[in-house]
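The exercises below are meant to be worked through with the sequence and the model side by side. Try each task before reading the solution that follows.

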Amino acid sequence: MVKKTQPSKTEIEKILARAEEHETNYKRVLADYQNQERRFKEMQGQFVKYANATLLEKILLNIDSLEMAQSHIKDAGLDIVIKQFIETLKTEGLQLIESDGKLFDPKTMDCIEVVSGEKDKVIETLTKGYLLNEKVLRPAKVKVGNGVIARSESDAAISQSN
Amino acid sequence: MSKIIGIDLGTTNSAIAVMEGGSAKIIPTAEGRNTFPSIVEPIKNLVGDVAKRQMVLNSENTIFSVKRLMGQKFSGKQAQKTKEIAPFEIAAGKDGSAIIKLGGKEYTPQEISAKILQKAKADAEAYLGTTVTDAVITVPAYFDDSQRQATKQAGEIAGLNVQRIVNEPTAAALAYGLDKGKNETVVVYDLGGGTFDVSILELGDGVFEVKSTNGDTFLGGDDFDHKIIEYIVSEFKKENGVDLAQDKQALQRIKDAAEKAKIELSSATETEVNQPFITQRDGNPLHLTMKITRAKLEELVDDLIQKTIEPCKKALADAKIEKSAIGEVILVGGMTRMPKVQQVVKEFFGKEPNKSVNPDEAVALGAAIQGGVISGDVKDVLLLDVTPLTLGIETMGAVMTPLIERNTTVPSSKSQVFSTASDNQPQVEIHILQGERPMASDNKTLGSFILDGIPAAPRGIPQIEVTFDIDANGILNVSAKDKATGKEQKITIKNATNLSDEEVERMKQEAEKYAEDDKKKKELVDKKNEADTLIIQTRKVLKDSGDKFDSAAKEEIEKSLNELEEEIKKPETTTESVDAKLKVATELVQKHAEALYKAAGEKDKAEEPKAEEGKAEEAKTDTKTAEEGEVVN
């Protein structure tokens with residue numbers, strides 16, 4: 001008779017534990033993969049939409065300079081050039097963040113200075129903000145009112161409403 | 001089991017990472033950035049960039065650098081120093097610990113940190129598409145028990161099970177992959193946005209021990225920015241007599257420009273600051289245009305960089321370690337991108353610092369790796385190997401045809417269908433190769449076998465499917481199957497990925513060195529194969545067409561084919577000479593074939609000229625497939 005060799009109980013347990021470990025690892029890797037695939041699909045769309053973001057950010061700096069020049073020399077021709085420029089960028093998904101006179105919103109605006117004026121209202125836009133395909137590309141840099149509508153500037157600077 | 005995320009809960013900025021597919025990855029924030037400011041406005045519940053943007057407007061309700069208050073007594077030095085610079089109110093809470101008072105409410109530093117962690121959790125959940133419940137959070141090595149406890153509580157408030165609190169330098173060392181096997185002393189030099197830390201770690205058997213730590217809690221990138229701003233303002237004043245420091249709007253523009261210049265000077269040696277219409281004088285606009293060289297920047301910030309040396313000396317002394325005993329110096333924090341910082345570190349420690357990991361992300365990545373170790377993710381998944389060299393087989397003309405490309409992650413498998421190179425070929429030899437060179441003989445032979453019993457058929461007709469399958473242990477199985485008969489042969493090659501680093505390097509270098517020669521050789525083989533196909537196909541057509549060609553034409557074509565055949569066989573033949581003869585023969589064949597169709601068309605239009613055309617087409621497509629892949633006999 002051939003004697004059957006039975007693996008011991010602990011050995012079976014060990015093997016089962018290993019099998020389970022491998023199954024968990026397999027599932028984990030599969031899940032990683034599926035998530036990655038899903039994200040990849042999302043990213044493909046995003047990639048097309050936001051591929052220009054870095055370039056646009058740089059171009060916006062140049063537009064800022066053009067606008068600053070325009071506010072100084074006030075040339076009708078240059079005005080057309082700037083408008084043309086912005087129109088072109090609009091076709092690429094760029095959109096101006098309306099800020100002047102609006103309620104301050106930290107999601108789209110960056111408060112640089114608090115000045116006298118209606119509370120929490122944008123008193124002045126220093127640099128225009130822009131959205132690219134509905135996402136903030138660059139927040140608008142603004143001055144926000146402190147609630148003190150004062151005649152004299154110095155008063156307003158000292159008193160802070162709360 | 002859900003993932004354990006790693007969180008670098010920083011003084012100025014925080015970052016999140018997770019293990020994915022066996023490596024740590026930074027999780028982008030909802031705003032699309034890799035880090036976010038550790039700034040909180042608890043009343044409106046704003047965290048990160050959004051909180052930062054309303055800071056000027058709402059300074060007394062906006063909390064930054066809360067990490068400095070974690071687990072501190074109000075009467076303590078750290079809390080008092082923070083109180084001096086903070087625009088928000090710091091007070092004593094119950095049992096004397098430092099708390100923040102705002103909007104008539106009291107907040108513990110834990111609660112504020114929890115807001116930061118909540119954002120981290122939410123952003124991670126959005127990225128992963130699942131709920132996140134577990135996290136590893138990092139703290140400075142010098143954090144004492146109460147500070148660590150406070151950090152853990154912050155995690156709990158945010159709804160996270162804090163699996164472990166890890167020292168920042170340890171996390172950084174993990175991200176640099178320093179836990180593998182070696183026993184050595186590691187210096188972690190961390191110059192961030194607002195704090196400087198240096199730590200000496202002793203690494204042994206995968207365990208990190210912090211031997212000493214030192215630093216300056218009020219030194220960082222912001223100080224560097226200030227130096228540049230000061231310089232620009234003073235230069236402008238010298239030149240134009242206008243003090244831009246009085247003009248908040250101008251100052252804001254200079255601040256942005258200074259940061260940009262600082263970053264640019266890490267890669268360029270000179271940059272230009274251009275801010276047109278910065279201010280006015282007597283109704284005329286003034287423009288700021290200024291060149292800043294890297295040398296100038298280094299001069300401006302030299303004292304700041306030198307300030308990091310004293311803590312380094314102290315840390316070494318405390319750890320009782322000689323500079324010569326240091327095995328590795330790693331850099332953490334955005335400021336370490338500055339070449340001058342790297343140079344000073346190198347000069348002091350006498351060792352080239354390791355900068356292979358993004359310094360802003362290292363700590364979060366390391367925390368994620370620690371999370372992976374806890375969940376068991378790392379141990380098994382990290383073992384995945386890649387094939388160091390391309391694997392392929394030899395095809396017609398002694399060409400190496402790749403099947404599994406270099407750097408493919410294993411396990412992996414790939415199949416491709418090949419055919420025979422000559423008519424009635426009864427067998428094919430599968431010659432398995434490893435290497436990057438296009439000619440078979442220049443690569444390493446891993447093995448070979450023969451698949452026989454292929455039924456007699458014209459060349460290119462049999463379909464031999466060759467499959468490469470390489471498992472996670474680097475064992476390569478190659479099989480070849482005749483699709484017509486189902487007959488199969490296979491071979492197993494062990495250790496197909498197991499090459500020494502030197503071997504891989506040598507083979508890669510050779511591939512580069514001989515790239516030009518190899519390309520020429522391959523071109524010649526391709527041309528020869530093309531000629532060979534033309535000869536065989538044309539002869540077949542001549543034979544099949546019987547007397548449709550007149551004998552003079554036949555003779556002429558046959559002669560050009562013979563000449564072409566001789567040219568191929570010449571040992572000194574070149575791509576150009578084969579090509580010349582090939583062109584002559586091709587033109588001749590085309591000319592006569594055209595005449596033939598014309599004659600056939602005139603004689604009898606019903607005599608299926610289309611069928612003839614079809615044949616000619618077929619011959620053309622055959623040429624293409626033959627070029628690509630046929631197994632040599």
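**Exercise 1: two helices that meet**

In this predicted model, Asp223(B), Phe224(B), Lys227(B), Ile228(B) and Tyr231(B) of helix 6 of chain B are in contact with Leu297(B), Leu300(B), Val301(B) and Leu304(B) of helix 8 of chain B. Task: describe how the axes of helix 6 and helix 8 of chain B are placed to each other.

Solution. Two packed helices are described by the angle between their axes and the distance between the axes. For helix 6 and helix 8 (residues 294-306) of chain B, the axes come within 10 Å and cross at roughly 135 degrees. An angle over 145 degrees would count as roughly antiparallel and one of 65 to 115 degrees as roughly perpendicular, and helix 6 and helix 8 of chain B are therefore oblique to each other. The crossing of these two helices of chain B is right-handed.

**Exercise 2: a residue of helix 6**

Task: decide whether Glu230(B) counts as buried, partly exposed or exposed.

Solution. Begin with its place, which is in helix 6 of chain B. Next take the neighbours: Glu230(B) has 14 C-beta neighbours inside 10 Å, and therefore counts as partly exposed, since a buried residue needs 20 or more and an exposed one has 12 or fewer. Finally, look along the chain to Ile254(B), which is 24 residues apart from Glu230(B), while their C-alpha atoms are separated by 9.6 Å.

**Exercise 3: helix 7 of chain B**

Task: check the span of helix 7 of chain B, then find which elements its buried residues pack against.

Solution. Helix 7 of chain B covers residues 248-264, which is 17 residues, so that at 1.5 Å a residue it should span 24 Å, and this agrees with the 24 Å between its end C-alpha atoms. Its buried residues are Ala250(B), Arg253(B), Ile254(B), Ala257(B), Ala258(B), Ala261(B) and Lys262(B). These buried residues pack against helix 6 (221-240), strand 16 (270-281) and strand 17 (284-293) of chain B.

**Exercise 4: two further helix pairs**

Task: work out how helix 3 lies to helix 4 in chain B, and how helix 14 lies to helix 15 in chain B.

Solution. The axes of helix 3 (residues 109-128) and helix 4 (residues 145-157) of chain B come within 8 Å and cross at roughly 55 degrees, which makes the two helices oblique. Their crossing is right-handed, and the residues that make the contact include Ala114(B) and Leu117(B) of helix 3 and Ala150(B) and Ala154(B) of helix 4 of chain B.

For helix 14 (residues 515-545) and helix 15 (residues 551-569) of chain B, the axes come within 10 Å and cross at roughly 155 degrees, which makes these helices roughly antiparallel. This crossing is left-handed, and among the residues that meet are Ile535(B) and Leu542(B) of helix 14 and Leu561(B) and Leu564(B) of helix 15 of chain B.

**Exercise 5: cores**

Task: find which residues have the most contacts inside the largest nonpolar core.

Solution. The largest nonpolar core has 108 residues, and those with the most contacts inside it are Ala17(B) and Ala173(B). Helix 11 (residues 362-375) of chain B gives the most to this core, with eight residues. Apart from this core lies another, of 24 residues, including Val466(B) and Leu476(B).

Conventions: Residues are numbered from 1 along each chain as its sequence is written. Chains are lettered from A and ligands numbered from 1 in the order in which they are written. This is a predicted model: local features need pLDDT of at least 70, side-chain atom pairs count only at pLDDT 80 or more; totals for chains, interfaces and linings use all residues. Helices (H or I, at least four residues) and strands (E, at least two) are DSSP runs, numbered from the N terminus. The expected span of a helix is 1.5 Å times one less than its number of residues. Two residues are in contact if their C-beta atoms, placed from the backbone, lie within 7 Å. A nonpolar core is a set of buried Ala, Val, Leu, Ile, Met, Phe, Trp, Tyr and Cys residues joined through C-beta atoms within 7 Å. Axes are lines fitted to C-alpha atoms, for helices over the stretch in contact, and angles run from 0 to 180 degrees between N-to-C directions. Angles under 35 degrees count as roughly parallel, over 145 as roughly antiparallel, 65 to 115 as roughly perpendicular and the rest as oblique. A crossing is left-handed if the near helix is turned anticlockwise from the far one by less than a right angle, and right-handed if clockwise.
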